[in-house]
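Hi,

Here is the structure I said I would pass on. Have a look at it first, and then read on for what turned up.

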Amino acid sequence: MALSMALPCLAQTPEPLEVRRAEAAFEELPVLNASEILRPDFHTGPHHKVREPVPTYSGANQFTIDTDFGEFEANGNEMLVTRVNEINAIARLKEVSRTDEFKGALKNAAKAPIASAKNIVTDPVNTISNAPKGLMKFMRRAGESLKNVGNKSESHDAEGSKMQQLIGFSDAKRKVAISLDIDPYSTNTVLQHELDGIAWASFAGGMSVQLATMPMGGPALTVVDVTSSLNDVLKEKSPTDLKMMNRKTLRAIGAVEKDTERFLNNSAFSPSQQTAFVLNLKSLNGVANRGAFVRSAGETSSDESDAIFCVQTAALMSKLHKDKPIARLAMIGDFPICIAKDGTVIVAFQWDYAAWTSGAADFTDEAQKLADKSGQGAHAFVGLSGQVSPRLRQELEARGFTVHDRLAQGPLK
């Protein structure tokens with residue numbers, strides 16, 4: 001993850017020999033067992049099974065998922081939650097596509113006046129599988145799965161092609177996805193393929209989509225207390241509307257224009273992730289220097305894993321803010337640190353497995369310096385979403401840190 005690599009004090013990968021501390025003083029990162037760390041419904045389901053070895057790297061557990069629909073990768077606990085939900089959604093969508101109602105809706109769609117528009121933009125059911133793999137990497141959003149409207153130079157954005165926007169297909173697709181509690185702008189190309197087919201049958205063929213009763217493991221983005229409001233805005237607002245809303249919110253909480261625009265135009269964040277991040281920062285009412293996190297997120301994030309890291313870290317901060325009010329954010333490198341009103345230094349971040357490494361030792365030193373500067377006998381609190389190794393806990397507590405892990409355990413037991 002680019003963001004993790006931009007934080008040398010947090011990186012858990014070995015450092016060059018000339019700068020490493022005594023190797024015996026630190027831990028090796030383990031390979032975990034999926035059956036031992038995951039809740040049963042995430043480890044194995046009707047349509048998937050997570051492979052047993054789970055390497056840990058840069059704070060993220062690395063999962064490989066075998067499914068009825070092919071092999072999937074999940075870089076981290078939160079991405080695993082998302083992928084399992086998407087696998088269940090794919091199964092449900094495929095079930096619907098085999099029904100007589102769906103087949104009838106396709107026939108109706110072929111007779112509808114809008115059918116000619118569908119032909120212009122190319123059949124959305126088949127486009128994803130025909131798109132070049134290099135292009136698929138950048139398909140973050142609904143509508144980018146359809147080809148240009150008779151003009152190869154026509155650009156795409158999160159709302160889809162101009163024709164899709166005109167005929168309302170993007171809106172229909174977004175609502176189908178939200179009814180399944182999945183991200184309409186997911187990078188999962190198999191999911192996007194199935195969504196396109198159902199959305200077209202619903203939009204042009206008049207099919208009534210009854211998908212909300214499907215059993216799900218949780219929302220697509222487990223962003224603590226903003227999930228309800230997030231789903232509401234995703235359902236009702238287009239990506240352009242979301243960007244306008246997010247721009248207004250970021251400027252209101254103190255982010256400067258340059259940082260705001262860099263963040264809003266960073267393609268590592270889907271519209272959903274972008275909005276979740278902004279809503280979580282907004283919930284940090286009264287916290288100063290939130291713009292520093294916006295700047296870091298916009299400058300250093302380069303992929304979906306980085307976006308998840310930012311969203312979930314902001315969510316964890318929001319959760320802790322309710323119990324121990326935060327006064328301001330400070331920065332250790334590119335990483336945001338909370339300073340509570342009583343001077344406590346709060347290190348809160350999305351991290352699946354943390355061990356006592358050279359990077360962890362360096363970061364601990366920096367956090368201790370912040371606590372010393374806060375005065376009033378302030379100490380440091382470390383809160384992780386995932387698991388802290390026994391050795392890391394011992395080292396931190398020996399230095400006077402309070403340590404809480406599994407604050408957002410996601411798929412973990």
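Which residues of helix α14 (residues 257-264) are buried? They are Asp 259, Thr 260, Phe 263 and Leu 264. Those four cover an arc of only 125 degrees around the axis, so they sit on the same side of α14. As a reminder, an α-helix has 3.6 residues a turn, so residues three or four places apart point the same way. Glu 257 and Lys 258, on the other side of α14, are exposed. As for what covers the buried residues of α14, the list includes α13 (239-252), α15 (271-282) and α16 (291-300).

Before I go further, please keep in mind that this is a predicted model.

Now for the overall picture. The chain has 413 residues, and 55% of them are buried. I get 19 helices and 13 strands in it. Of the contacts with a separation of 6 or more, 64% are between residues 24 or more positions apart. The exposed surface of the chain comes to about 17,300 Å², with 52% of it supplied by carbon and sulfur atoms.

Back to the inside. The largest nonpolar core has 65 residues, and Phe 263, Phe 277 and Val 347 are the ones with the most contacts inside it. Helix α17 (residues 304-323) gives this core its largest share, 8 residues. Apart from that core lies another, of 37 residues, which includes Phe 72, Ile 90, Val 96 and Leu 180.

Phe 263 is one of the buried residues of α14, and Phe 277 touches it. Leaving aside residues up to four places away in sequence, Phe 277 also touches Phe 293, Val 294, Ala 297, Cys 310, Val 311 and Ala 314. Phe 293, Val 294 and Ala 297 are among the buried residues of α16. That helix is mostly covered, with 8 of its 10 residues buried. The rest of the buried set in α16 is Gly 291, Ala 292, Ser 296, Gly 298 and Thr 300.

Cys 310, another of the residues that Phe 277 touches, has 0% relative accessibility and therefore counts as buried. Cys 338 counts as buried too, at 1% relative accessibility. How many disulfides does the structure hold? The count is 0.

Next, a pair of strands. Strand β7 (residues 326-332) and strand β8 (residues 335-340) run antiparallel and pair over 6 bridges. Ile 326 stands opposite Ala 340 in β8. The two strands form a hairpin with 2 residues between them, and Gly 333 in the turn has a positive phi of about 65 degrees. Ile 332 also lies in β7 and is buried, with a relative accessible area of 7%. Its C-alpha atom is 9.1 Å from that of Leu 370, although the two residues are 38 residues apart along the chain.

A similar check can be made in helix α18 (residues 358-374), where Ala 360 has its place. Ala 360 is buried, with a relative accessible area of 14%. Between Ala 360 and Leu 396 there are 9.7 Å in space, C-alpha to C-alpha, and the two are 36 residues apart in sequence.

Last, two backbone angles to look at while you have the model open. Where is Ser 58? Ser 58 lies in the loop between β4 (53-57) and β5 (60-67). Its phi is near 50 degrees, a positive value in a residue other than glycine. Ser 58 is buried, with a relative accessible area of 1%. Asp 181 is not a glycine either, yet has a positive phi of about 60 degrees. You will find Asp 181 in the loop between α10 (169-179) and α11 (189-203). Is Asp 181 buried or partly exposed? Asp 181 is partly exposed, with a relative accessible area of 32%.

Best wishes

Notes:
Residues are numbered from 1 along each chain as its sequence is written. This is a predicted model: local features need pLDDT of at least 70, side-chain atom pairs count only at pLDDT 80 or more; totals for chains, interfaces and linings use all residues. Side-chain values use heavy atoms; hydrogens and water are left out. Buried means under 20% relative accessible area, exposed over 50%, partly exposed in between (1.4 Å probe, protein chains only). Contact means heavy atoms within 4.5 Å. Accessible areas come from the Shrake-Rupley method with a 1.4 Å probe; for residues, only the protein chains shown count as cover. The arc is that of the directions from the helix axis to the C-beta atoms. A nonpolar core is a set of buried Ala, Val, Leu, Ile, Met, Phe, Trp, Tyr and Cys residues joined through side-chain atoms within 4.5 Å. A disulfide is a pair of cysteine sulfur atoms within 2.5 Å. Two strands pair if DSSP finds at least two bridges between them.
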